[in-house]
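Biologist: I am new to this structure and would be grateful for a close look at a single part of it. Please take one region, go through it residue by residue, and then set it in its surroundings.

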Amino acid sequence: MTAHKSGDPTTLNRLYGRQSGHKLRQGQQELVDTLLPAISVPEDGEITAAGLFGYDRPLHFEIGFGGGEHMAHRADMLPDHGFIGAEPFLNGVVTALGHVRDQALGNVRLHMGDALQVLSRIPDGALSFVYLLHPDPWPKARHAKRRMMNPGPVAMIAKKLKPGGEFRFGTDHPVYLRWALMVMNGHPDFEWLASEPRDFQTRPGGWPETRYEAKARRIGHEVWYFRWKRK
C-alpha cells in the first residue's frame, strides 16, 4: 500500500532503503560512539552557522553524502565555511567520520538520518550551497515519489538558499536525469548555469569525483553535472 501513496519525500515522512550494512569493526564503532556525538547536528531547535561553529560563516548542506568524500574535499578546500551533511546509512556515516578524523575537519557537522528534518530547521536564505549527488534514482515509476528531486524538496531547497546560492546535482541514471530536468525546468526560483552541453557533461572545478561516480564510469555510464543558481 505504501508504494502507491501519493506525495514526495516532504510528505511521506519515511526513509527508504538500507540504513546499515556490514558489521562495524571496533575502530569504526569507536568513531560512532565518540566522534559522532561530538559533531552531530543538535536534535532540536534552529540550525545556524553561528550555533554550529561559533560564528557566522557561509553554510553548505549535502543531502545523502554517501561516504563523505565530496563533503570532506570541499570542507578541506574551504576551511572558513561550515558544512552540514545528512546520511541515513550507518556505514557511510562511519566512512565520513574517518575523513573528519584523518583530515582534522573542524568545520563539518553530521546528521545520521533524514536530511529534510535538518533542512527544515535551517533559516530561510541561510545556505550558500546545497548538494544532491548521485541520489538513489528509484527508477520504477511507482517509486518516483521517493526521489529527493521532487517539487516539495526542491521548493524547500530554494527557500533555504540565499539569493545567488547554488544547488548542485549529479547523476549517472538517465531516468533520474530526465525526471530532474522535468522538475527543474522553468522553476521560478532557479537559473540553470549552463549554456551548452559540455557545461553539464564536464565536472566543474571544485567538484571531486565520488566513489559512486567512479563506479558509474567503470561500468560505462555517462555522468551529468548540474548547477542552478537561486534567483
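Modeller: In this predicted model, W138 is buried, with a relative accessible area of 16%, a value under the 20% that marks a buried residue. The residue is found in the loop between β4 and α7. Its backbone deserves attention as well: the phi of W138 is near 40°, a positive value in a residue other than glycine. Most residues other than glycine have a negative phi. A104 offers a second case, with a positive phi near 50°. That residue lies in the loop between α5, residues 90–102, and β3, residues 108–111. Whereas W138 is buried at 16%, A104 is exposed, with a relative accessible area of 65%.

The loop of W138 runs between β4 and α7, and both of these elements are also part of what covers helix α8 on its buried side. I therefore take α8 as the part to examine closely, since its buried residues, spread over an arc of only 130° around the axis, are on the same side of the helix. The helix spans residues 174–184, and those buried in it are Y176, L177, A180, V183 and M184. The face turned away from this buried side carries the exposed residues R178 and M182. One side of α8 is thus described by its buried residues, and the opposite face by its exposed ones.

What covers the buried residues of α8? The cover includes the strand β4 (127–133), the helix α7 (151–160) and the strands β5 (161–171), β6 (190–192) and β7 (224–230).

One further residue of the helix is L181. At 30% relative accessibility, L181 counts as partly exposed, because that value lies between the 20% limit for buried and the 50% limit for exposed residues. Apart from neighbours within four places in sequence, L181 is in contact with W192 and F226. By their numbering, W192 falls in β6 and F226 in β7, two of the strands included in the cover of the buried residues. The C-alpha atoms of L181 and M149 are separated by 9.4 Å, although the two residues are 32 residues apart along the chain.

Beyond the end of the helix, the chain continues with G186, which takes a positive phi of about 75° just after α8. H187 lies in the loop between α8 and β6. This histidine is buried, with a relative accessible area of 15%. Not counting residues up to four places away in sequence, H187 touches V154, A158 and K231. Of these, V154 and A158 have numbers within α7, one of the elements that help to cover α8.

Two of the covering strands, β4 and β5, can be described together. They run parallel and are joined by 6 bridges. Within this pair, L127 stands opposite L161 in β5. Strand β5 is mostly covered, with 8 of its 11 residues buried.

For context, another parallel pair may be set beside this one. Strand β1, residues 59–63, has 5 of its 5 residues buried. In a regular strand the side chains alternate between the two faces of the sheet. In β1, L59, F61 and I63 point one way and H60 and E62 the other way, all of them buried. The strand runs parallel to β2, residues 82–86, to which 5 bridges join it, and F61 stands opposite I84 in β2.

Finally, there is the enclosed space. The structure holds 2 cavities of 30 Å³ or more. The largest has a volume of about 60 Å³, and its lining includes E62, F65, L133, T210 and Y212. Two of these residues have already been placed by their strands: E62 belongs to β1, and L133, by its number, to β4. By class, this lining has 3 nonpolar, 4 polar and 2 charged residues.

The second largest cavity holds about 30 Å³ of space. G68, M71, A72, A96, H99, V100, L105 and V108 line it. The helices α4, residues 69–77, and α5 each supply at least two of these residues, and α5 gives the most, with 3 residues. The lining of the second largest cavity has 6 nonpolar, 2 polar and no charged residues.

Conventions
Residues are numbered from 1 along each chain as its sequence is written. This is a predicted model: local features need pLDDT of at least 70, side-chain atom pairs count only at pLDDT 80 or more; totals for chains, interfaces and linings use all residues. Side-chain values use heavy atoms; hydrogens and water are left out. Buried means under 20% relative accessible area, exposed over 50%, partly exposed in between (1.4 Å probe, protein chains only). Helices (H or I, at least four residues) and strands (E, at least two) are DSSP runs, numbered from the N terminus. The arc is that of the directions from the helix axis to the C-beta atoms. Contact means heavy atoms within 4.5 Å. On a 1 Å grid over the protein atoms alone, a cavity is a set of points where a 1.4 Å probe fits but cannot get out, and a pocket is an open set with protein on both sides within 12 Å along at least five of seven lines; lining residues have an atom within 4 Å of a point. Grid points are joined across faces, edges and corners, and a volume is the space filled by probe spheres set on the points. Ala, Val, Leu, Ile, Met, Phe, Trp, Tyr, Cys and Pro count as nonpolar, Asp, Glu, Lys and Arg as charged, and the others, Gly among them, as polar. Two strands pair if DSSP finds at least two bridges between them.
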